[in-house]
Amino acid sequence: MIEIPSDLHPDVVSLAFLLGTWEGAGVHDFPGSEKCNFGQEIVFRHDGRPFLEFRSRTWVLDEAGEKVRPLETEHAFWRVTTNQRGTSGEREVEVSLVRDDGTVEIWYGRLADGKPQIDLATDAVARVEGSAPYSGGKRLYGFVNDELLWVGEKAAPEVPLRPYMSAQLKKVLNPAQLIKDVNDLPDDGIAFFR
């Protein structure tokens with residue numbers, strides 16, 4: 001179920017399916033990097049302005065699924081730039097993103113019509129001298145069966161565009177919502193268990 005907060009800016013209502021904290025696991029595989037399973041936490045939040053704030057943290061997992069070390073961290077701002085309310089045609093999305101390795105990216109894409117899915121591609125990439133070679137990418141995010149699924153493709157000067165990361169994430173319950181739900185129980189609280 002997709003909930004739309006009452007204080008969400010109207011320009012980003014079409015991105016409401018992303019809101020919340022998501023956790024899960026995925027696979028990382030790119031030439032020149034360690035192939036591994038990874039854990040991920042993504043947070044999409046808003047503060048009433050016309051964008052969503054995005055934070056992603058990933059970490060390498062061992063064979064038992066335990067955290068080994070950080071993999072990468074991203075921080076971004078997502079905006080719907082045209083046709084925010086979906087009244088006609090396609091809704092365009094832009095993302096300004098910075099990675100912990102010193103890479104800064106501008107992404108543009110489209111929100112699918114009639115379904116919670118976003119296709120993005122890089123428009124610009126800037127890197128500090130010490131960051132890994134990288135020339136662009138594509139990403140697909142989708143809300144399917146109450147899960148956030150995503151796949152990323154990546155290109156480097158010596159490697160053509162190819163899939164390199166994907167993950168399946170579940171929404172983390174918000175304790176404040178649980179408290180609200182408990183307050184809605186009948187006074188005796190027992191009726192819930194009958």
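**How do the residues of the lining of the largest cavity divide into nonpolar, polar and charged?**

They divide into three nonpolar, three polar and three charged. Here Ala, Val, Leu, Ile, Met, Phe, Trp, Tyr, Cys and Pro count as nonpolar, Asp, Glu, Lys and Arg as charged, and the others, Gly among them, as polar.

The model is predicted: local features need pLDDT of at least 70, side-chain atom pairs count only at pLDDT 80 or more, and totals for chains, interfaces and linings use all residues. Residues are numbered from 1 along each chain as its sequence is written, and side-chain values use heavy atoms, with hydrogens and water left out.

**Exercise 1. Trace the barrel.**

Step 1. Find the strands (DSSP runs of E, at least two residues, numbered from the N terminus). Ten of them close into a barrel.

Step 2. Read the order. The barrel runs 1-2-3-4-5-6-7-8-9-10, with antiparallel pairing. Two strands pair if DSSP finds at least two bridges between them.

Step 3. Take the angle. Neighbouring strands of this sheet are turned by 25° against each other on average, direction ignored. The axes are lines fitted to C-alpha atoms, and angles run from 0 to 180 degrees between N-to-C directions.

**Exercise 2. Walk from strand 4 to strand 7, naming a partner at each crossing.**

Step 1. Start at strand 4 (residues 67–82). Eight bridges join this strand to strand 5 (residues 91–99), antiparallel. Val 80 faces Val 93 of strand 5 across the pairing.

Step 2. Cross to strand 6 (residues 103–111). Strands 5 and 6 also share eight antiparallel bridges. Val 95 stands opposite Trp 107 in strand 6. Three residues separate the two strands of this hairpin, and Gly 102 in the turn has a positive phi of about 95°.

Step 3. Cross to strand 7 (residues 117–127). Nine bridges make this antiparallel link with strand 6. Ile 106 has Ala 124 of strand 7 as its bridge partner. The hairpin has five residues between the strands, and Gly 114 takes a positive phi near 85°.

**Exercise 3. List the enclosed spaces and their linings.**

Step 1. Set the terms. On a 1 Å grid over the protein atoms alone, a cavity is a set of points where a 1.4 Å probe fits but cannot get out; a pocket is an open set with protein on both sides within 12 Å along at least five of seven lines; lining residues have an atom within 4 Å of a point. The structure holds two cavities of 30 Å³ or more.

Step 2. Take the largest cavity, with about 40 Å³ of space. Its lining includes Gln 40, Glu 72, Glu 74, Arg 139 and Trp 150. Strand 3 (52–61), strand 4 and strand 10 (159–171) each give two or more residues to this lining.

Step 3. Take the second largest cavity, at about 30 Å³. Trp 78, Val 95, Leu 97, Trp 107, Leu 120, Arg 139 and Tyr 141 line this space. Strand 5 and strand 8 (136–144) give two or more residues each. Six lining residues are nonpolar, none polar and one charged.

Step 4. Add the second largest pocket, with a volume of about 250 Å³. It has 14 lining residues; closest to its centre are His 28, Ser 33, Glu 72, Asp 101 and Lys 154. The lining has five nonpolar, three polar and six charged residues.

**Exercise 4. Is Arg 99 buried or exposed?**

Step 1. Place the residue. Arg 99 lies in strand 5.

Step 2. Apply the cut-offs: buried is under 20% relative accessible area, exposed over 50%, partly exposed in between (1.4 Å probe, protein chains only). Arg 99 is buried because its relative accessible area is 10%.

Step 3. Find its partner. A polar contact of 3.2 Å joins the side chains of Arg 99 and Glu 74. Such a contact is a pair of N or O atoms within 3.5 Å; within protein, one must be able to donate a hydrogen and the other to accept it, and residues adjacent in sequence count only if both atoms are side-chain atoms.

Definitions and conventions
Helix = DSSP H or I, 4+ residues; strand = E, 2+ residues; numbered from the N terminus. Points joined across faces, edges and corners; volume = space filled by probe spheres on them.
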